[in-house]
Amino acid sequence: MLAGMYAPPCLHTDHLRLRPPTVEDRALGETLHRDPLVRQYLGGPTPEEHLPDVLAGYLTFSPRRAAWVVRLADGGEAIGLVTVSEHKDGEDVELSYLFAPSAWGQGYATEATRAVLDYGAAAMGLQRIIAETQQANAPSRRLLERLGMTPRASLIRFGAPQVIYELPLDGAPRERPERGEEHHSHHV
């Protein structure tokens with residue numbers, strides 16, 4: 001349901017263009033969900049039988065669910081997906097992201113997720129957001145910390161220790177990160 005009152009707008013940053021996904025973005029979603037490096041801390045590639053439902057989820061929007069395809073401003077190459085959706089706990093809203101390995105370490109995930117956090121606070125009315133990542137995923141943890149998120153809880157899920165980070169979305173300025181240090185994948 002791309003055409004709905006909850007469909008998010010396009011977002012622009014210095015280096016990126018974020019827009020809601022359409023059915024034409026299926027190949028990007030398939031590539032990211034099948035890539036063992038992208039899914040290294042997410043239990044491996046998404047099983048083929050789950051892929052249609054996962055990809056359809058990117059096209060569903062609500063007051064607590066939005067998704068964006070991340071493209072480079074120069075050239076328009078699609079490099080990732082960022083989502084905001086209900087967390088497994090049923091209470092919180094979660095920030096999630098998947099980025100192609102070719103985009104890792106260039107600051108793009110920080111830039112894209114910051115734009116989504118700003119949108120979540122301003123337009124979605126979110127008071128806070130969480131993110132869950134595997135404890136062993138040091139690059140993703142550094143990204144979340146650069147965004148101003150702090151660890152809230154630890155748990156075992158998917159057979160591995162996970163850390164849940166949180167960030168109040170109260171309009172407080174977040175520090176600008178240094179470009180070049182970030183990573184790739186996170187729960188989506």
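## A walk through the strands, helices and core

Trp68 is buried, with a relative accessible area of 0%. That comes from a predicted model, so keep in mind that everything below is computed from predicted coordinates.Tyr119 is buried as well, at a relative accessible area of 15%.

These two residues belong together. The structure holds one aromatic pair, and Trp68 and Tyr119 form it edge-to-face, with 5.4 Å centre to centre and 80 degrees between the planes. Trp68 sits in strand S3 (residues 66-72) and Tyr119 in helix H3 (residues 108-122), so the pair ties together parts that are 51 residues apart in sequence.

**Helix H3 and the core**

How many of the 15 residues of H3 are buried? The count is 12, so the helix is largely enclosed by the rest of the structure. Tyr119 is one of them, and others include Tyr108, Ala112, Val116, Leu117 and Gly120. The length of H3 checks out too: at 1.5 Å a residue its 15 residues should span 21 Å, and the end C-alpha atoms are 21 Å apart, which agrees.

H3 also matters for the count in the nonpolar core. The largest such core has 47 residues, and Phe99 and Ile129 touch the most other members. H3 gives the most to this core, with seven residues. What does Ile129 contact, leaving aside its neighbours within four places in sequence? The list includes Leu117, along with Val84, Val93, Leu95, Met149, Tyr165 and Leu167, among others.

**Helix H4 and its buried side**

Helix H4 covers residues 138-146, and Ser140, Leu143, Leu144 and Arg146 are buried there. They cover an arc of only 160 degrees around the axis, which puts them on the same side of H4. What do the buried residues of H4 pack against? They pack against strand S5 (93-99), H3, S6 and S8. After H4 comes Gly148, with a positive phi near 95 degrees.

**The strands at the start of the chain**

Strand S1 (residues 11-12) and S2 pair in the antiparallel sense, and a hairpin of three residues joins S1 to S2. S2, at residues 16-19, has side chains that alternate: Leu16 and Leu18 point to one face and are buried, while Arg17 and Arg19 point to the other and are not. S2 also pairs with S3 in the antiparallel sense, the strand that holds Trp68.

**The strands around S8**

Further along, S8 pairs with two strands. Strand S6 (residues 128-134) runs antiparallel to S8, and strand S7 (residues 150-157) pairs with S8 in the antiparallel sense as well. Here are the strand pairs with one bridge partner each.

| Strand pair | Bridges | One pair of partners |
|---|---|---|
| S1 and S2 | two bridges | His12 and Arg17 |
| S2 and S3 | four bridges | Leu18 and Val70 |
| S6 and S8 | seven bridges | Glu132 and Ile164 |
| S7 and S8 | seven bridges | Thr150 and Glu166 |

Two of the residues in the table have come up already: Leu18 is one of the buried residues of S2, and Glu166 is among the contacts of Ile129.

The hairpin of S7 and S8 has two residues between the strands. Phe158 lies in that loop and has a positive phi of about 60 degrees although it is not a glycine. Is Phe158 buried or exposed? Phe158 is exposed, with a relative accessible area of 54%.

S8 spans residues 160-168, and Pro168 lies in it. Pro168 counts as partly exposed, at 48% relative accessibility; the cut-off for exposed is over 50%. Which residues does Pro168 contact, once its neighbours within four places in sequence are left aside? Those are Gln127 and Arg128. Pro168 and Gly148 are 20 residues apart in sequence, and their C-alpha atoms are 9.1 Å apart in space. Gly148 is the residue with the positive phi that follows H4.

How values were computed
Residues are numbered from 1 along each chain as its sequence is written. This is a predicted model: local features need pLDDT of at least 70, side-chain atom pairs count only at pLDDT 80 or more; totals for chains, interfaces and linings use all residues. Side-chain values use heavy atoms; hydrogens and water are left out. Rings of Phe, Tyr and Trp (its six-membered ring) pair if their centres lie within 6.5 Å; planes under 30 degrees apart count as stacked, over 60 as edge-to-face and the rest as tilted. Buried means under 20% relative accessible area, exposed over 50%, partly exposed in between (1.4 Å probe, protein chains only). Contact means heavy atoms within 4.5 Å. Two strands pair if DSSP finds at least two bridges between them. The expected span of a helix is 1.5 Å times one less than its number of residues. The arc is that of the directions from the helix axis to the C-beta atoms. A nonpolar core is a set of buried Ala, Val, Leu, Ile, Met, Phe, Trp, Tyr and Cys residues joined through side-chain atoms within 4.5 Å.
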